[in-house]
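Colleague: I'd like to go through this one feature by feature. Can you give me the general idea each time, and then the case at hand?

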Amino acid sequence: MSVTRKDRRLLFIGAGERADDWVPAFAAQAPDVPFIVYEDGMDVGAFRYAIIWRPNPPVVTQLSNLEVIFGMGAGVERLLGDPSIPDRIPIVRMVEPGLTGGMVEYVLWQTIYHHRRIWELEEAQREARWVNQYYPAPWERQIGILGLGQLGSAAARLLVEYGFKVKGWSRSRKSVDEVKSFAGAEELPQFLEGVEILVCLLPLTADTQGIINAGVFNQLPMGSILINAARGGHLNEADLLQALGSGRLAAATLDVFHVEPLPEGHPFWLHPRIFMTPHNASLTHPATAAIEIKRQIERHESGLPLEHVADRNRGY
Ligand SMILES: NC(=O)c1ccc[n+]([C@@H]2O[C@H](COP(=O)([O-])OP(=O)(O)OC[C@H]3O[C@@H](n4cnc5c(N)ncnc54)[C@H](OP(=O)(O)O)[C@@H]3O)[C@@H](O)[C@H]2O)c1
């Protein structure tokens with residue numbers, strides 16, 4: 001039986017996310033995948049594909065013919081933790097060039113911001129103060145990336161190209177040109193040794209929850225930097241404040257937080273050495289995501305395995 005355009009309809013289940021950019025992106029890039037925005041009371045029984053950022057249990061339980069869930073982002077911990085999603089339905093993580101490019105740009109931007117201590121210059125200018133500032137060459141600067149997956153390895157490659165010394169940590173050993181790979185909990189101390197700028201690009205799982213804590217900070221050289229662009233749950237916030245207070249860390253860039261939006265009065269807001277972005281280090285780009293989803297639907301229809309399917313046992 002041939003597949004019709006109707007069979008390929010993709011149901012967008014949002015929770016406050018805007019669909020405005022997605023509808024025209026699918027119309028232009030994947031016209032044979034109709035992008036349908038969920039509305040209350042809609043009969044969703046026939047949909048085979050859905051795209052979801054935050055789960056919405058009442059809708060999910062009505063999707064009796066669902067075959068694939070596409071996560072709108074790379075991190076799918078909320079979808080994996082939703083008991084209303086049956087285990088038989090594969091959850092595909094978002095891996096698309098727009099999202100990867102955005103993260104690589106963010107990591108390079110923040111690495112250079114700290115490598116050149118641009119915040120020191122900004123502070124001096126505000127005070128109309130001339131400073132004599134010195135900094136090492138990139139090849140004298142050790143960067144460490146926690147999580148050497150899609151995003152971490154792409155960021156590592158660019159930092160290497162830029163001239164930085166880069167090492168990475170993952171569960172399994174990796175082979176990325178000129179990036180020293182460390183694997184597993186037993187190699188974490190060796191990985192941390194000498195890391196001056198620590199970048200977190202791990203998924204949030206039972207094993208990585210709270211992983212950036214005093215134990216990790218104390219293994220870094222004095223005056224190190226943290227860049228967390230993964231999830232707020234990776235970071236022990238009290239330990240960060242203490243490490244900044246003691247000088248173990250000189251500064252931190254945070255894109256993600258335990259509670260988002262960051263609550264009013266939170267000590268991070270006015271901390272002079274915490275630089276924040278509002279969980280937009282990288283965004284899924286509808287145009288490139290539409291091309292990727294169409295590609296995956298075509299694979300699925302022709303009997304090929306889906307790619308980037310989250311592993312329920314690993315939690316990412
Ligand atoms: N702030 C933002 O705007 C934003 C945007 C996109 C994504 N993110 C975050 O970035 C995360 C990473 O995305 P991705 O696409 O790069 O994921 P990925 O391809 O699945 O990579 C995850 C990496 O972490 C490693 N890892 C997982 N658990 C580990 C553990 N217990 N110990 C050591 N290493 C471990 C994996 O090791 P193996 O390779 O050995 O499996 C892999 O190298 C997402 O989960 C999301 O939370 C944030």
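**The ligand and its shell**

Modeller: Let's begin with the ligand, which has 29 residues around it, the closest being Gln 150, Ser 172, Lys 174, Asp 255 and Tyr 316. A residue is near a molecule if one of its heavy atoms lies within 4 Å of it. Two ground rules: this is a predicted model, where local features need pLDDT of at least 70 and side-chain atom pairs count only at pLDDT 80 or more, while totals for chains, interfaces and linings use all residues. Residues are numbered from 1 along each chain as its sequence is written, and side-chain values use heavy atoms, with hydrogens and water left out.

Colleague: What is the make-up of the shell by class?

Modeller: Here Ala, Val, Leu, Ile, Met, Phe, Trp, Tyr, Cys and Pro count as nonpolar, Asp, Glu, Lys and Arg as charged, and the others, Gly among them, as polar. By that scheme the shell has 13 nonpolar, nine polar and seven charged residues. Helix H6 (150–162) and strand S7 (165–170) each supply at least two residues of it. Those labels are DSSP runs numbered from the N terminus: helices are H or I with at least four residues, strands E with at least two.

Colleague: Which residues have N or O atoms close to ligand oxygens, and at what distances?

Modeller: A polar contact is a pair of N or O atoms within 3.5 Å; within protein, one must be able to donate a hydrogen and the other to accept it, and residues adjacent in sequence count only if both atoms are side-chain atoms. The side chain of Tyr 316 puts an N or O atom 2.5 Å from a ligand oxygen. Backbone polar atoms do this too: Gly 149 at 3.0 Å and Ser 282 at 3.1 Å. As for cover, the ligand taken alone exposes 940 Å², and the protein buries 93% of that. Those areas come from the Shrake-Rupley method with a 1.4 Å probe; for residues, only the protein chains shown count as cover.

**Salt bridges**

Colleague: How many salt bridges are there?

Modeller: The rule asks for a side-chain nitrogen of Lys or Arg within 4 Å of a carboxyl oxygen of Asp or Glu. That gives 16 salt bridges. One of them pairs Arg 173 with Glu 187, with the closest N and O atoms 2.8 Å apart. Arg 173 sits in the loop between S7 and strand S8 (179–183) and Glu 187 in the loop between S8 and helix H7 (188–192), so this pair ties together parts 14 residues apart in sequence.

Colleague: Is each partner of that bridge buried or exposed?

Modeller: Buried means under 20% relative accessible area, exposed over 50%, and partly exposed in between (1.4 Å probe, protein chains only). Arg 173 counts as exposed because its relative accessibility is 51%, whereas Glu 187, at 16%, counts as buried.

Colleague: And which other bridge links distant parts of the chain?

Modeller: Arg 295 and Glu 307 meet at 2.6 Å, N to O. Arg 295 is in helix H10 (residues 286–301) and Glu 307 in the segment after H10, twelve residues apart. Salt bridges with shared partners also join Arg 8, Asp 32, Lys 294, Glu 298 and Glu 301 into one network.

**Faces of a helix**

Colleague: Where do the buried residues of H9 fall around the helix axis?

Modeller: In helix H9 (residues 237–246), Glu 237, Asp 239, Leu 240, Ala 243 and Leu 244 are buried. Seen down the axis they fall within an arc of 155 degrees, so they line one face of the helix; the arc is that of the directions from the helix axis to the C-beta atoms. On the other side of H9, Ala 238, Gln 242 and Gly 245 are exposed.

**Backbone exceptions**

Colleague: What should I look for in the backbone angles?

Modeller: Most residues other than glycine have a negative phi, and most peptide bonds are trans. Glu 178 has a positive phi of about 65 degrees; it lies in the loop between S7 and S8 and is exposed at 70% relative accessibility. His 279 has a positive phi of about 45 degrees, and its place is the loop between S12 and H10. At 26% relative accessibility, His 279 is partly exposed.

Colleague: Which residues does the cis peptide bond join?

Modeller: Glu 260 and Pro 261, with omega about -5 degrees. Pro 261 is in the loop between strand S11 (249–254) and strand S12 (274–276).
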